[in-house]
Amino acid sequence: MYDALRRTEQPGARLHDFTQCGKHAYVFQSVQEPDLYTLGGSSCHDRFCLPCGRERSRIIAGNVKLRVDGENARFLTLTLRSDTEPLAELLAKLTRDFTALRRTKLWRKRVAGGVAFLEMKWLEPTQRWHVHLHALLQGRYIPQDELSKIWFQITHTSDVVDIRIVENQDHCTRYICKYASKPLDHTVVVHPNKLDEAVLALKGKRLCLTFGTWRGYQLTALPENGEWIQLGTLEEIITRAEDGHADATAALDALKVEYAPSTRAPPTVPARTVSSLTLGQKCFSYSPDTERDLAVSGTLFVNGE
Ligand SMILES: [Zn+2]
């Protein structure tokens, strides 16, 4: 993926962020419930980054589930028959035809709203791009044959549509996670020139779209889960735990992160009292109450100087 981003001359900052994704892990502590800890990572948020894509799809699936809220929903797959057209052309047609479908009487009568995701594959045996649109719909029953007929009238080439009811919440989550995580699957990734074509064809293109009553719904909004304070990087907390600091061992025990426990007794150094200061000196004092080193930096003024 990185090679494809380089070959297609993506900005240096994007390449840099892509290579740095996940390099750092941070430990956070809940303000409301101090016994709760969590790990956070540095993320690149690139649409072609697999770990970031998985994270994004989990958030989207959570928000979709919240919105569906146990109501009836249906999955729709629209297929576009292809020949030797470039991918960009097929994607433009699919988007255009899907807009046309949403304007039909059948759609307006039966679909209230929903969310759609793009999927593309490169099929080596046929040497063709295959594009699909996967949507989750809310509304009334739609007869498959009627939908197929209308899709053919719009596309002039394709009548393949699949529509089915969502069986349960897990079914819904699995479906959304599958299609919201990655627009490109392995059939594209293994062909460097096809991968480059996909990177360029998807430039500026939205991979998911909300419509009808769902328009404007924030699919990637993070769930509200209180306030968190960052205690430090994971490495820093491990070092502190190995030195026997109780705040760090509590965090790592809660997170089930392994470390080599100190064989020494926990530090018992009392807080140092700084009696004389020099201008610009950095002071560190250890607080036995919070088991933390308090760092004070900056310019200090002593005796009015
Ligand atoms: Zn990433």
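At 12% relative accessibility, E119 counts as buried, and in this predicted model its side chain meets that of K121 in a salt bridge, with 3.9 Å from N to O. K121 itself is partly exposed, with a relative accessible area of 25%, so the two partners fall on opposite sides of the 20% limit under which a residue is called buried. Side chains of opposite charge can pair when their charged atoms come close. The count of salt bridges comes to nine, and two further examples can be set beside the pair just described. K93 forms a salt bridge with D97, whose closest N and O atoms are 2.8 Å apart; both residues lie in helix 4, which spans residues 87–102, and they are four residues apart, about one turn of the helix. D97 is buried, with a relative accessible area of 6%. In the salt bridge between R164 and D162, the closest N and O atoms are 2.9 Å apart. Here R164 counts as partly exposed at 47% relative accessibility, and D162 likewise counts as partly exposed, at 31%.

The chain as a whole contains 11 helices and 10 strands. Of its 305 residues, 40% count as buried, and its accessible surface comes to about 18,100 Å², of which 52% belongs to carbon and sulfur atoms. Among contacts between residues at least 6 apart in sequence, 66% join residues that are at least 24 apart.

Five of the strands form an open sheet in the order 6-3-5-4-7, with antiparallel pairing. Its edges are strand 6 (161–165) and strand 7 (208–212), each of which pairs on one side only, and the twist from one strand to the next averages 20°. Strand 4, made up of residues 111–123, pairs with strand 7 in the antiparallel sense over five bridges, and within this pairing G114 stands opposite F211 of strand 7. Two helices that pack on the sheet can be described in turn. Helix 4 touches strand 3 (74–80), strand 4, strand 5 (128–139) and strand 7, and its direction makes about 25° with that of strand 5. Helix 6, formed by residues 144–155, touches strand 3 and strand 6, and the angle between its direction and that of strand 6 is about 145°.

Strand pairing also involves strand 1 (residues 25–30), which runs antiparallel to strand 2 (residues 37–41) and is joined to it by five bridges. These two strands form a hairpin with six residues between them, and the bridge partner of Y26 in strand 2 is G40. Strand 1 pairs in addition with strand 8 (residues 228–233), again in the antiparallel sense and over five bridges; in that pairing, S30 has W228 of strand 8 as its bridge partner.

In soluble globular proteins, nonpolar side chains tend to be buried together. The largest nonpolar core of the model has 45 residues, and those with the most contacts inside it are L101 and L137. Helix 4 supplies the largest share of this core, namely six residues. A second, separate core has 17 residues, including I60, V68, C172 and L219. When neighbours within four places in sequence are left aside, the residues in contact with L137 include N72, A73, R74, L76, W107, V111 and I163, as well as G114 and F211, the two residues that stand opposite each other in strands 4 and 7.

A residue of helix 4 that can be examined in the same way is F98. F98 has a relative accessible area of 1% and is therefore buried, the limit for this class being under 20%. Not counting residues up to four places away in sequence, F98 touches L78, W107, A116, L133, W151, L209 and F211. F98 and I154 are 56 residues apart in sequence, yet their C-alpha atoms are 8.8 Å apart in space.

Helix 9, which covers residues 192–201, has as its buried residues K194, L195, D196, A198, V199 and A201. These buried residues pack against helix 1 (2–7), helix 4, strand 4, strand 5 and helix 8 (186–189). Helix 4 and strands 4 and 5 thus recur here, having been described above as a helix packed on the sheet and two of the strands that it touches.

Key. Residues are numbered from 1 along each chain as its sequence is written. This is a predicted model: local features need pLDDT of at least 70, side-chain atom pairs count only at pLDDT 80 or more; totals for chains, interfaces and linings use all residues. Side-chain values use heavy atoms; hydrogens and water are left out. A salt bridge is a side-chain nitrogen of Lys or Arg within 4 Å of a carboxyl oxygen of Asp or Glu. Buried means under 20% relative accessible area, exposed over 50%, partly exposed in between (1.4 Å probe, protein chains only). Two strands pair if DSSP finds at least two bridges between them. Axes are lines fitted to C-alpha atoms, for helices over the stretch in contact, and angles run from 0 to 180 degrees between N-to-C directions. Contact means heavy atoms within 4.5 Å. Accessible areas come from the Shrake-Rupley method with a 1.4 Å probe; for residues, only the protein chains shown count as cover. A nonpolar core is a set of buried Ala, Val, Leu, Ile, Met, Phe, Trp, Tyr and Cys residues joined through side-chain atoms within 4.5 Å.
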